Structure formats: C-alpha cells, structure tokens
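Me: I'm new to reading protein structures, and I'd like to know how the labels are earned. Could you go through some with me?

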Amino acid sequence: MQFDTASYLRKATSRAKSDVANKLISMLLHEISRRVVDVVGMGVTDAAYAREVVATFGDRCGYCQRVLETGHTSVEHMEGMNRFRIGLHVPGNVIVACKHCNGSKRRDDQLPTLILAESGWESFLSHNGTRCSPGCKTCAYWQAVWPDIEQRTDVLRTAVQRIKTFRESYKSSNEWSIRIRASIKTKADLLYRECQKSAQQQIQVMAAELFQELN
Ligand SMILES: [Zn+2]
Ligand SMILES: [Zn+2]
C-alpha cells in the first residue's frame, strides 16, 4: 500500500494541538501515583518490584510474549495514563512491553468507551480476529504477529491470565486505583478542556500580537 502522506500530515497537526492537555493529565496522574506509592510503600522503581516483574514475565513482552530487545522496548502502563483509562504509575500497573504492542495498544487506550473488555490492556488482548469488524487494525496486528488462529487465541488468553494474576498480587495499589478512577474522571475531563481552552486562547493572543508588531 502506498504511504498516505496527506493523512499523516493531518494527524500530525491534530496531535500537536492536543498534546499539551494530554501532558497535563499525565502530570496529574503521576502526582497522584507518587501519593499512592507513599501510602502503599512500594514504587515501580524499587528493586523488589523489578524482580517480581521479571519473575512473572521473564525477558518477554507482557502482551505478545516475544523476547524483548534493547531499543525496541517500552515501559508499559496496562491502564493507560490518559483521561479515558486513568492508569497510574504504581506497582501492578507497570510492566515492560515491546514497542509494537505499546504502539498498537494505543488505539484501545484512546477510546472513550471500551467494547471488548473493561480495561485497556484486556481490550487490547481481546482482538483475536473474531469479535471486531473486518477492518479492525488491532485484530490485523495480532493476526500478523500470530497468524495461526489457535496459537493466537492461546497466546492472548495466556497473556490475559498472567496479567490478571500479576495485578491481583498488588491488592492495595489496585484498590487505590479503582477508587481514584471513580472519583477523578470528571475532574480530569474538566482539566483537559480548561487546559486546551486556555492554551488556545493565549496562543491566539500571542500570535495576533506578533503579527501586529510585524505588520
Ligand atoms: Zn509485544
Ligand atoms: Zn479488533
């Protein structure tokens, strides 16, 4: 297929506009995460946490189960740190994934409402090629990684189970995450809208002033 430059340029422009508000939400969620870490007494950077991640996932991507490679690996928030998923940077929500899965999962992370599962990570692992419309890009992703339907279903099911068990062992940070998600959703939406509006207004004023000076 020929590369669609026009659509790529369109997307780049809209992304630049929303980045500032998304960044603010991410900063808010990081600040909340720091407080949760203080309360639960364990952080993502603790050596003990790293050991537990390795014990569960080994040297493989937590989703596709392919071996991780330097330079093609990302820190992965299973519940994404955005205003739709309200994921936190706390033990139980952070693993390591390959960049391909990290990028493909973004499609589910950015859906205001999920259809296939309740959480972003489980939704991503539910695109087994049987539940979506034929054009689904995430189903196509998994079909390319594991072409054989039986093998694909098995890999995805195993990944869901492994992640569920892993998350269940972080009971207190999980409970905090659930409570926070329930009470912050409206505030995060408001913060996103206000930030977007105020940034746009200030930018308009500044650009107008600049053009007045130059004219
Ligand atoms: Zn992967
Ligand atoms: Zn799908």
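Reply: Happy to; we'll take a few labels in turn, keeping in mind that this is a predicted model.

Me: Why is C64 called buried?

Reply: Buried means under 20% relative accessible area. C64 has 0% relative accessibility, so C64 counts as buried.

Me: And what makes C136 buried or exposed?

Reply: The cut-off for buried is under 20%. C136 comes to 14% relative accessibility, so C136 counts as buried.

Me: How many disulfides does the structure hold?

Reply: Zero. To be called a disulfide, a pair of cysteine sulfur atoms must lie within 2.5 Å.

Me: Which residues touch the most other members of the largest nonpolar core?

Reply: They are Y49, Y63, C64, C101, L125, W142 and F166, in a core of 28 residues. Helix α6 gives the largest share of this core, six residues. Y49 has contacts beyond its close sequence neighbours, including M42, P91, V94, F166 and Y170. Another core, of 14 residues, lies apart, with I86, L88, I180 and I184 among them.

Me: What makes a lining residue of the largest cavity polar, nonpolar or charged?

Reply: The residue type decides: Arg and Glu count as charged, Leu and Val as nonpolar, and Gly as polar. The lining divides into three nonpolar, six polar and three charged residues. E79, L88, G92 and R181 are among those that line this cavity, whose volume is about 50 Å³.

Me: Which helix gives the most to that lining?

Reply: Helix α7, residues 171-214, with four residues.

Technical notes:
Residues numbered from 1 in each chain as written. Chains lettered and ligands numbered in written order. Predicted model: local features only at pLDDT ≥ 70, side-chain atom pairs only at ≥ 80, totals over all residues. Heavy atoms only, no water. Buried < 20%, exposed > 50% of the residue type's maximum accessible area, 1.4 Å probe, protein only. 1 Å grid on protein atoms, 1.4 Å probe; cavity = no way out; pocket = protein on both sides within 12 Å on 5 of 7 lines; lining within 4 Å. Points joined across faces, edges and corners; volume = space filled by probe spheres on them. Helix = DSSP H or I, 4+ residues; strand = E, 2+ residues; numbered from the N terminus. Core = buried A, V, L, I, M, F, W, Y, C linked by side-chain atoms within 4.5 Å. Contact = heavy atoms within 4.5 Å. Lists of a residue's contacts leave out its neighbours within four places in sequence.
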